[in-house]
Amino acid sequence: MPDHEVDRTQLPIRDVPFSGTMGRTLADSVPDWGIVADVPPPEGAPNVLLILIDDAGFGQASTFGGPIDTPNLSRLADRGLRYNAMHVAALCSPTRAALLTGRNHHAAGFGSVGELPGPFPGYSGVLPKSCTPFPKILRDNGYSTAAIGKWHLSPSRVHGPAGPFDRWPSGWGFDYFWGFLSGESGQYDPMIYENDAVDQAYGGPGDRDFYLPDALTDKSIEWLHGITAHKQEKPWFMYYSTGCAHAPHHVPEEWSNKYRGRFDEGWDAAREAIFARQKSLGVIPADTELTPRDDAFPAWDSLTDDERALYARQMEVYAGYQENADHNIGRLIDEIERMGQLDNTLILYIWGDNGASLEGTLTGSFNELTMQNGIPLTSEQQLALIDAHGGLDSWGGPDTAPHCSAAWAWAGNTPFRWGKQVASHLGGTRNPMVVSWPAAITDHGGLRSQFGHVNDIGPTILEIAGIPEPLTVDGIVQTPMAGTSLAYSFHDADAPEQHTRQYFEIYGNRGMYQDGWWAACMLPRIPWDATPATIRRFAPDVFDPDALEWELYYLPDDFSQARNVAAEHPEKVRELEALWWEEAARNNALPMLAGMSAFFGVVPPLREQTRWTYWGADVQNSPAGIMPPILNRSYSITAHVTVPPEGADGVLLAAFDHLGGFSLFAQNGLLRHTYSFMGVETYRQVSGVPIPSGAVAIRLDFDADAAVMAPPGEVTLWIDGEVVGRGRMDRTVPIMFNGYSGMDIGRDNGEVVDRAYQHLAPFAWNGSIERIDVDVRPPGRAANEGLHRAETAGRHARHIES
């Protein structure tokens, strides 16, 4: 089928008409083998590797002057191009939606993170069928496609085996997926999905050699070997998306120990050193000014010696974590080169889907989820809990789920202000990018400063591949891509920029770029403050967006947004503010603050289901989004089991791990329940008598004291209708136990809830399980609806704070 006969403007590409003849017999027939041929890619279409690092800042990678060694990013830059004006959406899911669709994130339905869909088009978390992702366009035009690593583009309620799978990577055009669907993952015990099913939980106590970044590269290489063995001539597209540097910051100590002592001078000194290196490398203009430290961040000199030791270790782990990610990307590039495919592979390596994350708050945390459950910890409390979980040397290991201080994230965004979620300023929206294509890019080591946005990536790849944007897909007229191909800049550092207008918005933080001018309007709220007193200022009957102050910067003369010139150019401020409202309406970014609507009573319908039944012991790795909603309510867990003659041993039901989770199990014949309140406190109950052999009904009741968030309450253990144990839990988890693992029936996969059976992990139940019923016992309707509103608002608060 010659290429000129293929109409690529309508997808799927139409069947080739039969051009032979069909007579009564073979003797008077003419065959046409074209009707069985595959859709050919355009001639000369290159392979494409798109790499996205998570939660990393402009000033972190050594390639752009940072303190973290990134030799593979530098290696590609030295044989390709550095881009110092690439922009992202300032938050994970929105950036990924814009990246993979070529549209603005609200137009693609992702005004917020994938876990928190809302009832407005720009915040639905549902990709419109008129915004076909470019991986699907590539696939339908003859490419093999794979997504490896982090996804974060589907609501948590669809993460189970019932789907729907059009919200999973396969629905976005990927032939193959291996990674995790949620916004984060532990690196030592991830719950991995393969294509449209849960693969398994890897690592944990039974496999301490497992490390997810290593596995991501291993799986990427395995996929490349497979498709190349099958069809060597077929081009491929791989989206390689790391979980690094999103929390938890997990890395083997040989990587973090490389940085011992390198951050002892603190974030203020580190920021000055980064700034000097950036100028020396030429990745920022010589006249750039370093923006000052905001009062929200403490001066390093104001800290105690213990605090400095804690914070320096946090950064050592954070740095080792990021260097390891770059190392694993280097392993993948090495293999592509060994296979002889590097010359004709277009590589786009984006260092961060937003600026470095401020979600660790000022103290950092041994367990990042303490913040997301509203558990404030001082540095002294952090140190005490760190000691309880192995000491500072354990930071970054499987005994912790750490995050560094927000001040280190601020330093990592040098020379800009702020960071993740602050879409009004470059610290949240500007990230380094390197482009390498040895067969075509000859300006090795060149710098490009034309304005770019992640919605430019799809148009760039399609242009390079020789594939047009389709007019229709599956009969649906397509919304044109908002981005502009960057291919024009590959061969001309001085080419006039073609992406001249771009709006930004995350949680009310707004930016408007046009022809070098940038208008910025930050909501009067520091990024980690979603307290009720603060949120009340933005209630619908209080909030007036017209009363907010806009700043103005002219970026050709002010690379870092250090000089606010709004007072000198009031007419330009008014022009760009009006343009922001126009772009917001056109891209479904309205209503403003829709991403915060849960605070004001706009919540999804209350679930009516109260019983969940698990038949047998084969339901494992159920993520939080599809688990029974036991938080903040009374509940019962009833297990109908058979106990062997030698006595009961093993886990009946376990969810999450020792840093937040619960387990109902038997050990040494006794029935036990362990509940970890985020690793801060642990509650245990045990039966006074052993579980008998034979058919047995085992039950746990939790009776909440009141219909409030995080209620204390009483635990009762039952065997065959008789009370065998009691206990009290003074504090319970209100929002979420864990961001990545799940619930298992008949075993405890990954990191375990109770370290007493860690050596036996996954500690499978030694009898049989007929069924387990989980009954949620909500209070009266009014109280239950109140809890539902509070829970939804709490989930939004924790995500906004993060």
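Which side chains meet in a salt bridge at 2.4 Å, N to O? They belong to Lys231 and Asp38. Keep in mind that what you're looking at is a predicted model, and let's use that pair as a way in.

To place the two residues, start with how the chain is divided. The domain assignment gives domain 1 as 1–40, and domain 2 as three stretches, 47–280, 316–356 and 418–494. Domain 3 then runs over 513–599 and domain 4 over 611–791. Asp38 therefore falls in domain 1 and Lys231 in domain 2, going by those automatic or database bounds. Between these two domains the count is 1 salt bridge.

Now for the rest of that interface. Measure from centre to centre over C-alpha atoms and domain 1 sits 38 Å from domain 2. The contact itself involves 9 residues on the domain 1 side and 12 on the domain 2 side. The size of an interface is often quoted as the accessible area lost when the parts come together. Here the buried area is about 910 Å², with carbon and sulfur atoms giving 48% of it. On the domain 1 side, Arg8, Thr9 and Leu11 stand out: they supply 62% of the area that domain 1 buries against domain 2, more than any other three residues.

Polar contacts are part of the picture too. Across the interface of domain 1 and domain 2, 7 residue pairs are in polar contact, both residues being at pLDDT 80 or more. Sort the residues by class and the side of domain 1 that touches domain 2 has 5 nonpolar, 2 polar and 2 charged residues.

Next, a stretch that comes from a record. An unreviewed UniProt entry annotates residues 46–467 as "domain: Sulfatase N-terminal". Over that range the chain is 31% helix and 13% strand, and the C-alpha atoms at its two ends are 12 Å apart.

Finally, some backbone geometry worth a look. Most residues other than glycine have a negative phi, and most peptide bonds are trans. Ala247 and Pro248 are joined by a cis peptide bond, with omega about 0 degrees, and Pro248 is in the loop between strand E9 (236–241) and helix H5 (253–256). Ala761 and Pro762 are also joined by a cis bond, with omega about 5 degrees; Pro762 is in the loop between strands E30 (742–745) and E31 (768–777). Gln421, not a glycine, has a positive phi of about 80 degrees, and its place is in the loop between helices H10 (406–412) and H11 (426–429).

Notes. Residues are numbered from 1 along each chain as its sequence is written. This is a predicted model: local features need pLDDT of at least 70, side-chain atom pairs count only at pLDDT 80 or more; totals for chains, interfaces and linings use all residues. Side-chain values use heavy atoms; hydrogens and water are left out. Contact means heavy atoms within 4.5 Å. Buried area is the accessible area (1.4 Å probe) that two parts lose on being put together, summed over both. A salt bridge is a side-chain nitrogen of Lys or Arg within 4 Å of a carboxyl oxygen of Asp or Glu. A polar contact is a pair of N or O atoms within 3.5 Å; within protein, one must be able to donate a hydrogen and the other to accept it, and residues adjacent in sequence count only if both atoms are side-chain atoms. Ala, Val, Leu, Ile, Met, Phe, Trp, Tyr, Cys and Pro count as nonpolar, Asp, Glu, Lys and Arg as charged, and the others, Gly among them, as polar. UniProt positions are given in the numbering used here, feature names are shortened, and annotations may be inferred rather than shown by experiment. Helices (H or I, at least four residues) and strands (E, at least two) are DSSP runs, numbered from the N terminus.
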